[in-house]
Amino acid sequence: MINFEDITPENWEKWKEPVLRSELIFPESLRSTEEEFRVTLDTPSNIAKIIRLDGRYIGNAFGCGAVHFDFYRQSRQAVCAEEIHINNIVIEPPYQGHGHGTRLLQEFMGEARRKGYKKLIGFFRPNHSLRLVRKLDCVEKSVHPDWFGTGEDYVFCEIDLSVKYFKKLKAV
Ligand SMILES: CC(C)(COP(=O)(O)OP(=O)(O)OC[C@H]1O[C@@H](n2cnc3c(N)ncnc32)[C@H](O)[C@@H]1OP(=O)(O)O)[C@@H](O)C(=O)NCCC(=O)NCCS
């Protein structure tokens with residue numbers, strides 16, 4: 001059975017080991033530090049979730065209100081309080097390709113909508129992550145060559161969180 005849990009400052013000790021380990025999937029220039037995760041958790045308008053399969057941790061997703069996100073500031077002139085930036089979404093390698101990333105992103109989007117955000121934004125790798133958001137009708141706004149020296153061209157995408165869109169999403 002799949003379920004989700006919010007990560008909070010109170011339960012961070014319980015989840016920090018798998019969350020920090022999941023960062024090793026990314027090149028060093030992109031990895032978040034424990035300090036950065038803690039800062040994210042300290043702001044209630046941010047979102048941090050884990051996904052569990054039969055009680056076992058299999059992945060996480062973190063996002064910040066766009067006004068708090070530094071990469072975002074570097075990439076666009078304006079910031080908007082109605083946008084949530086997804087910083088990270090990871091599924092443990094043995095569990096990838098079974099729809100768990102899609103479920104986690106949908107859960108994240110539902111939470112974002114409940115918190116009043118109108119749009120989800122993020123920079124997505126040209127791997128399963130871009131494929132994932134393409135399935136959810138993202139709008140691809142710009143390509144960022146060699147993102148932070150990774151050798152990969154990340155794509156900046158937006159996903160509408162409006163009610164109309166959400167009705168459609170439920171059927172995915
Ligand atoms: C990106 C990620 C979170 C997606 O999670 P996931 O559980 O693997 O994704 P899903 O199973 O929901 O599938 C999403 C899409 O990717 C495809 N996909 C996932 N794993 C795949 C694999 N190993 N081979 C081929 N396609 C794969 C799926 O087929 C699906 O597309 P489709 O429905 O059109 O076929 C996960 O692959 C991951 O953690 N990757 C490494 C970290 C990363 O790059 N995070 C994104 C940072 S921007």
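Here is a short back-and-forth about the fold, the core and the ligand site of this structure.

Me: Before we start, what kind of model is this, and how are residues numbered?
Reply: It's a predicted model: local features need pLDDT of at least 70, side-chain atom pairs count only at pLDDT 80 or more, and totals for chains, interfaces and linings use all residues. Residues are numbered from 1 along each chain as its sequence is written.

Me: How many helices and strands does the protein chain have?
Reply: Helices (H or I, at least four residues) and strands (E, at least two) are DSSP runs, numbered from the N terminus. Reading from that end, the elements go β-α-α-β-β-α-β-α-β-α-β-β-α. The count for the protein chain is six helices and seven strands.

Me: In what order do the seven strands sit in the open sheet?
Reply: Strands pair if DSSP finds at least two bridges between them. Strand 5 and strand 7 are antiparallel, with six bridges, and strand 6 and strand 7 are antiparallel too, with five bridges. The pairing over the whole open sheet is mixed, and the order is 1-2-3-4-5-7-6.

Me: Which strands stand at the edges of that sheet?
Reply: An edge strand here has a single partner strand, so one of its sides is left without a neighbour in the sheet. That is the situation for strand 1 (2-6) and strand 6.

Me: Which residue in strand 7 stands opposite leucine 120?
Reply: Strand 7 pairs with strand 5 over six bridges, in the antiparallel sense. The residue in strand 7 that faces leucine 120 is isoleucine 159.

Me: What angle does the direction of helix 4 make with that of strand 2?
Reply: Axes are lines fitted to C-alpha atoms, for helices over the stretch in contact, and angles run from 0 to 180 degrees between N-to-C directions. Helix 4 packs on the sheet and touches strand 1, strand 2, strand 3, strand 4, strand 5 and strand 7. Its direction and that of strand 2 make about 145°.

Me: Is leucine 105 buried or exposed?
Reply: Buried means 20 or more other C-beta atoms within 10 Å of a residue's own, exposed means 12 or fewer, and partly exposed is in between, with C-beta atoms placed from the backbone. Leucine 105 is found in helix 4. With 24 other C-beta atoms within 10 Å, leucine 105 is buried.

Me: Which residues does leucine 105 contact, leaving aside neighbours within four places in sequence?
Reply: A contact means that two C-beta atoms, placed from the backbone, lie within 7 Å. By that rule, the partners of leucine 105 are Ala61, Ile89, Leu132 and Leu136.

Me: How many residues are in the largest nonpolar core?
Reply: A nonpolar core is a set of buried Ala, Val, Leu, Ile, Met, Phe, Trp, Tyr and Cys residues joined through C-beta atoms within 7 Å. Among those with the most contacts inside the largest one are Phe108, Met109, Leu120 and Ile159. Strand 2 (47-53), strand 3 (56-65), strand 4 (83-91), helix 4 (100-114), strand 5 (119-124) and strand 7 (154-160) each supply at least two residues. The size of this core is 32 residues.

Me: Is phenylalanine 124 buried or exposed?
Reply: Phenylalanine 124 sits in strand 5. Beyond residues up to four places away in sequence, it touches Ser129, Leu130, Val133, Tyr154, Val155 and Cys157. Because phenylalanine 124 has 21 C-beta neighbours inside 10 Å, it counts as buried.

Me: How many residues of strand 6 are buried?
Reply: Strand 6 has six residues and lies largely in the open. The number buried is zero.

Me: Is aspartate 146 buried or exposed?
Reply: Aspartate 146 is in the loop between strand 6 (139-144) and strand 7. Its phi is near 45°, a positive value in a residue other than glycine. With 10 C-beta neighbours inside 10 Å, aspartate 146 counts as exposed.

Me: Which helix gives the largest share of the shell around the ligand?
Reply: A residue is near the ligand if its C-beta atom, placed from the backbone, lies within 6 Å of it. Of the 19 residues around the ligand, Gln96, Gly97, Gly101, Thr102 and Ser129 come nearest. Strand 4, helix 4 and helix 5 (128-135) each give two or more residues. The largest share, five residues, comes from helix 5.
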